[in-house]
Structure formats: C-alpha cells, structure tokens
Amino acid sequence: MSGAASRREPAARFASLFTPLRLGGRTARNRIVHTPMSVSYGDADGFVTRRQVEHYARRAQGGAGTVITENFAVNVAGRQLPRQTLVDDERRLPGLRLLAEEIHRHGALAMVQLVHAGRYAGPWDVYDARRRLAPSAVPFELTPGRTVTPQEITVEEIEETIDAFGRAAELCERAGFDGVDIHAAQGFLISGFLSPRTNRRTDAWGGGFEGRVRFALEVVREVVRRTSSSFVVGVHLLSDERIAGGWTLHDAVRLAPMLEAEGAAFFFGIPATFETMRLPANAALMKQRGYSVADNAALTAATGVPVVANGGLGDPRDAERVLKAGQAAAIGLARALFTDPDWPRKVAAAEPDTVRGCPCDPPRCLRTQLTGAVCDRWPAEAIERGYLGYDPKDSPPTSKPV
C-alpha cells in the first residue's frame, strides 16, 4: 500500500473487519485491535504522561475498536524499560484514569497489558546489581555476545508476584479500563514458567506440564477474583517457542482451554521468544505476512472465546481473509497503527491504498524504542516533535499534564 491516489474498493469487501466484537462483558465497535507495542512515552518514575495519553487516544480516534496499551509492569522487579509505566499503587490512578477516559472518548474499548519481565527485567546495564527473577537460574544471551544468569524466584516471590498481577488489574478497573491483557509470551516471566527449557524446578511450580502451567493459571485466577464479572481478562499466550525441547503449539492448545475455564475471555497466540527469534531458523519469521495466523487458528479451534491474530497483517485484504476463513475473531495491529492511526477509517472508507505503510527494515520505531519511538513515515512536523499525537485543535480540554 502507498500514499498515492486511492483506488476505491467496494466497502463490503472489508465488512468482516467492521462487525462488532464481543469480548467478555464488553462489545467493541469493530474487530480491529490496537495491540501492545512499546513506545516508551511514560516517564522515568513509571507515571502516565500527556504524550502517552494522546498517543493511545489518537489510535482510538483513528477508529480502532479496542486499544491495548504497551506492557505496563506490575511492580518494579518486573520492569524492563527505563520509561515503562508501572501499575503498582494508587499513586498511578490519576494518570491511568485520564488514559482510559481519552480512549473511551473516541469510542474504543480501553485495556492495559500487564507484565512481569522476569529474566528480561532492566536496567540491563547493571543486570547483576539486583535480583532478576526467573523460574530457574538458567543462563541465556541477553544481548548478542552477553550471557547473563537470572536468579531462581522463591515460592514467596511467586506468591507476591501473583498478588501484584491481581492488584494491578484491580487498579486498572478502578481507573476505568475495560480489561487487561496478561503477558504470557516472548520469554517474560509467565512464559518462562511454561517452557521446560527455562523452568527446571522440581517443586509444585515446575516439573511436568501441570506444574509448569500452574503459575499462569494462578495469575489469571487471581486477576479474575479481584475484578468484576464484566471486566475483560485476556492472555497474550506463547503459542510455540520454536526451538527443540521448548514449549510447543500442542502445549498451548492444551493450556488455552484451562485458562478459559479460569476466566480468560480472549487470546493472542504469539510465536517465539526474544531469545528464539534470533535463531537462524526463525530469523525471517517476523517478516512473513500473517506469521502467527496458523497458531491462532489452532487456538481458535481449541477454545470458545475470541482469538486475535496479529503480526504481518497490515494489508486489510490479508486481515479480511483471515476473518472470513474463521482463523481468528479479530485482527491485531501494532506497527500498522503506529505508522498510520487512521488505518481503520481509511479501510472503512474502502480506500486501503491511502494507508501509510511501514517499509522500514529495521523499523525506526524499534531503533528509538528506549527513548520514545518515532516513525519515518510520519509527517515531518510529527517527527520533529517526537511523536504523532493529537493535532493541537483536537487535543481535549481534559488532557492536562499528569
């Protein structure tokens, strides 16, 4: 797709994308989900900023049916990035409330992704200076050429972390969010428990399949217990570790119905971890169009709740085909909506060729992620100010600094 003169297509061609989506006790206006993508617009102390509010509200303004934030850490021990937002106590509520309000003001469901980074917790430049929690003390390559070893999380710390997820979800509901998306993928703490490669425990939190999935089940159970019946709880689930001896799609298909029984109302199936995606066999994975569709189709067949397919589905023709084929119930877009938040509006107007695509390789948004992500395809004035938020005329009177 390009920014050239549009080629109008029949609106009915994209009808599946714009039918309402039931997520637990809430209904989204369409099946386009803004998926979590780290942009690091928070502040160093973990508070929500105006820039952050405008970023997410702008994606709602562009027409997404559901807006899920980048991962917010449930406590300091689980924080990965230096400008990552924390959801750990009541001091965070004013900013979180404003964020939820502004997303809602533009008609989208508002959700927060909750994470404990586990062995990937930062700051990385002083990795050995404090405890980095993992199911087992298994060395791994944190960055190319640098091997580190996290500490084995204690049973007491496991219980504290489960409580932290529950408390964070409770705070999100008090702030007015419609739900949370629990991050159990990419090698972060929950997915670390799932994998037999990284979980070598011999107690009740490890060993066979039942022990390794216990932490994920307990987190979902606690989040559901501490929130209302209408609050939506989703799971970003590691679908396949893509390495010999690791977590497999068969395992994910087995676990998903168990999570659903605990109250999970939707899933994302996410293949590979930060570590395994660097393997030669997986090097080109993220460049493939619809690289997670097959995994999400398997989860769709195994569960009775919506599954969101994401990854390489920025062409609405591809997205529509996935929905029509029944491979997923919704489409997740991250970089596509970062590049052009009006993707939904343009596609709804049957003008997909007016969408700004993402040609970067590697994308500039990833190269600027630690300091505040920027996109080369934005208008010059947006790049100059550092982000594509509201235009001044659109900035709401309630959007004051937080």
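Biologist: Let's start with charge. How far apart do the centres of the positive and negative side chains lie in the protein chain?

Modeller: Keep in mind that this is a predicted model. The protein chain carries 50 positive side chains and 47 negative ones. Take the centre of each set, and the distance between the two is 4 Å.

Biologist: And the overall build? What radius of gyration does the protein chain have?

Modeller: The chain holds 12 helices and 14 strands. For 402 residues the globule rule gives 21 Å, and the chain comes close to that, so it is as compact as a globular protein of that length. Its C-alpha trace spans about 60 × 45 × 45 Å along the principal axes. The radius of gyration itself is 20 Å.

Biologist: What share of the residues counts as buried?

Modeller: To count as buried, a residue needs a relative accessible area under 20%. The accessible surface of the chain is about 15,100 Å², with 53% of it belonging to carbon and sulfur atoms. Of the 402 residues, the buried share is 59%.

Biologist: Let's zoom in on a helix. Which elements do the buried residues of α8 pack against?

Modeller: Helix α8 runs over residues 316-324, and 7 of its 9 residues are buried. Among them are Pro 316, Ala 319, Val 322 and Leu 323, but also charged ones, including Arg 317 and Asp 318. The elements these buried residues pack against are α7 (293-302), β13 (307-310), β14 (330-333) and α10 (343-348).

Biologist: What happens at the start of α8: which residue's side-chain oxygen reaches the backbone nitrogen of Arg 317?

Modeller: Look at the start of the helix, where that oxygen comes to within 2.9 Å of the nitrogen. After α8 comes Gly 326, with a positive phi near 75 degrees. The residue you asked about, back at the start, is Asp 315.

Biologist: Which residue does the side chain of Asp 353 join in a polar contact?

Modeller: Asp 353 lies in the loop between α10 and α11 (364-367). Its relative accessible area is 13%, so Asp 353 is buried. A polar contact of 3.1 Å links its side chain to that of a residue in α8, namely Arg 317.

Biologist: Now His 106. Is it buried or exposed?

Modeller: His 106 sits in the loop between α2 (93-105) and β5 (109-115). Beyond its neighbours within four places in sequence, His 106 is in contact with Arg 29, Ala 57, Ala 60, Gln 61 and Tyr 390. Its relative accessibility is 17%, and the cut-off is under 20%, so His 106 counts as buried.

Biologist: I'd like to see some backbone details too. Which peptide bond is cis, with omega near 0 degrees?

Modeller: Go to the loop between β5 and β6 (133-134), where you'll find Pro 123. The bond leading into Pro 123 has omega near 0 degrees. That cis bond runs from Gly 122 to Pro 123.

Biologist: What is the phi of Gln 186, about how many degrees?

Modeller: Gln 186 is in the loop between β10 (179-184) and α4 (189-194). It isn't a glycine, yet its phi is positive, at about 65 degrees.

Biologist: Last one: how accessible is Arg 242?

Modeller: Arg 242 lies in the loop between β11 (232-240) and α6 (249-262). Its phi is positive as well, about 60 degrees, although Arg 242 is not a glycine. It counts as partly exposed, with a relative accessibility of 29%.

Technical notes. Residues are numbered from 1 along each chain as its sequence is written. This is a predicted model: local features need pLDDT of at least 70, side-chain atom pairs count only at pLDDT 80 or more; totals for chains, interfaces and linings use all residues. Side-chain values use heavy atoms; hydrogens and water are left out. Helices (H or I, at least four residues) and strands (E, at least two) are DSSP runs, numbered from the N terminus. The radius of gyration is taken over C-alpha atoms; the globule rule is 2.2 Å times the number of residues to the power 0.38. Buried means under 20% relative accessible area, exposed over 50%, partly exposed in between (1.4 Å probe, protein chains only). Accessible areas come from the Shrake-Rupley method with a 1.4 Å probe; for residues, only the protein chains shown count as cover. Lys and Arg count as positive and Asp and Glu as negative; His and the chain ends are not counted. The place of a charge is taken as NZ of Lys, CZ of Arg, CG of Asp or CD of Glu. Contact means heavy atoms within 4.5 Å. A polar contact is a pair of N or O atoms within 3.5 Å; within protein, one must be able to donate a hydrogen and the other to accept it, and residues adjacent in sequence count only if both atoms are side-chain atoms.
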